[in-house]
Amino acid sequence: MADKEKKVCDSSSSHDQSNQEEDLMALFGSDSGWVEARTHCDHLDILSSDLTHIPTPDTPCNRCHHPVENWLCLSCKDVLCSRFINKHMLDHYQQQHHCLALSYSDLSVWCFSCDAYLDAQVMPPLRPVYETAYILKFGEAPPFRTIECLQLGDGSSSGN
């Protein structure tokens, strides 16, 4: 009888732990498609030398003139549409090997070579273009994340 009770208790505690893990995953965005942006990229050497002077976020695709879902190439400053429109930025990467781009939709930075988003707010070489694009899009400087918020995003706990 004690063995059966122990199995039920073990099963119950593993079920509770599983529910807690699911709750944490939902809280941190895994159910919503949220991904953790990288804080390191080996391809930053291809950035344009002047990313404080960029086309405005309402610039249409330079190839098809589509007005939305456009990306800024961070090497040559060409504005091209996303893979969800006519794939001109993806074509540009494949032809020119310019792997870093900023989305004018949500101001995220993507590295095609790393196949990952980059955290432009914490990577010093990307910060100027992020700030400039934010000001152009919203008319004010971007809010800055606190150290505590950055540590939580890195999986670190404050006080360590």
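Let's start at one small spot: just after helix H2, His97 takes a positive phi of about 65°. Keep in mind that what you're looking at is a predicted model. From His97, step back into the helix itself. H2 covers residues 88-96, and its buried residues are His88, Met89, Leu90 and His92. What do these buried residues pack against? Their partners are three strands: E1 (70-73), E2 (79-81) and E3 (100-103).

Now zoom out to see where H2 fits in. The chain has four helices and five strands. If you walk along the sequence, you meet them in the pattern α-β-β-α-β-β-β-α-α. There are 160 residues in the chain, and 32% of them are buried. The accessible surface adds up to about 10,200 Å², with carbon and sulfur atoms accounting for 53% of that. How much of the contact network joins distant parts of the sequence? If you take the contacts between residues at least 6 apart in sequence, 52% of them join residues at least 24 apart.

Next, head for the inside. In soluble globular proteins, nonpolar side chains tend to be buried together. Here, the largest nonpolar core has 35 residues, and the ones that touch the most other members are Leu74, Leu100, Leu102, Leu118 and Leu126. Which elements feed this core with at least two residues each? They are E1, E2, H2, E3, strand E4 (109-111), strand E5 (116-118) and helix H3 (127-138). H3 gives the most, with four residues.

Pick Leu100 and look at who surrounds it. Leaving out residues up to four places away in sequence, Leu100 touches a long list of partners, including Cys41, Leu44, Ile46 and Leu47. Leu72, Cys73 and Leu74 are also among the residues that Leu100 touches, and so are Trp110, Cys111 and Leu118.

Stay with strand E3 for a moment, where you'll also find Ser103. Is Ser103 buried or exposed? Ser103 has 4% relative accessibility, so it counts as buried, the cut-off being under 20%. Its side chain makes a polar contact of 3.2 Å with the side chain of Asp106. Beyond its neighbours within four places in sequence, Ser103 is in contact with Asn70, Trp71 and Ser108.

Let's move over to helix H3. Side chains of opposite charge can pair when their charged atoms come close. A search of the whole structure turns up one salt bridge. It joins Glu131 and Arg127, whose closest N and O atoms are 2.8 Å apart. Both residues lie in H3, four residues apart, which is about one turn of the helix. An α-helix has 3.6 residues a turn, so residues three or four places apart point the same way. Glu131 is partly exposed at 24% relative accessibility, and Arg127 is partly exposed as well, at 23%.

Then there are the aromatic rings. A pair of aromatic rings is described by the distance of the centres and the angle of the planes. The whole structure holds four aromatic pairs. In one of them, the ring centres of Tyr93 and Phe112 are 4.9 Å apart and the planes meet at 15°, so this pair is stacked. Tyr93 sits in helix H2 while Phe112 is in the loop between E4 and E5, so the pair ties together parts that are 19 residues apart in sequence. Tyr93 is partly exposed, with a relative accessible area of 21%, whereas Phe112 is buried, at 12%.

Another pair takes you back to H3. The rings of Tyr130 and Tyr134 have centres 6.1 Å apart and planes at 45°, so this pair is tilted. These two tyrosines are four residues apart in H3, about one turn of the helix. Tyr130 is buried at 11%, and Tyr134 is buried at 14%. Ring pairs also bring in Phe138, linking Tyr130, Tyr134 and Phe138 into a cluster.

The last stop is Glu69, in the loop between helix H1 (2-27) and E1. Glu69 is partly exposed, with 32% relative accessibility. Which residues does Glu69 contact, leaving aside its neighbours within four places in sequence? They are Leu80, Cys81, Ser82, Phe84, Ile85 and Ser105. You can also compare Glu69 with Asn86: they are 17 residues apart along the chain, and their C-alpha atoms are separated by 9.9 Å.

How values were computed. Residues numbered from 1 in each chain as written. Predicted model: local features only at pLDDT ≥ 70, side-chain atom pairs only at ≥ 80, totals over all residues. Heavy atoms only, no water. Buried < 20%, exposed > 50% of the residue type's maximum accessible area, 1.4 Å probe, protein only. Contact = heavy atoms within 4.5 Å. Areas by Shrake-Rupley, 256 points an atom, 1.4 Å probe, with all protein chains shown as cover. Core = buried A, V, L, I, M, F, W, Y, C linked by side-chain atoms within 4.5 Å. Salt bridge = Lys/Arg side-chain N within 4 Å of Asp/Glu carboxyl O. Polar contact = N/O pair within 3.5 Å; in protein donor to acceptor, adjacent residues only side chain to side chain. Phe/Tyr/Trp six-rings, centres within 6.5 Å; stacked < 30°, edge-to-face > 60°.
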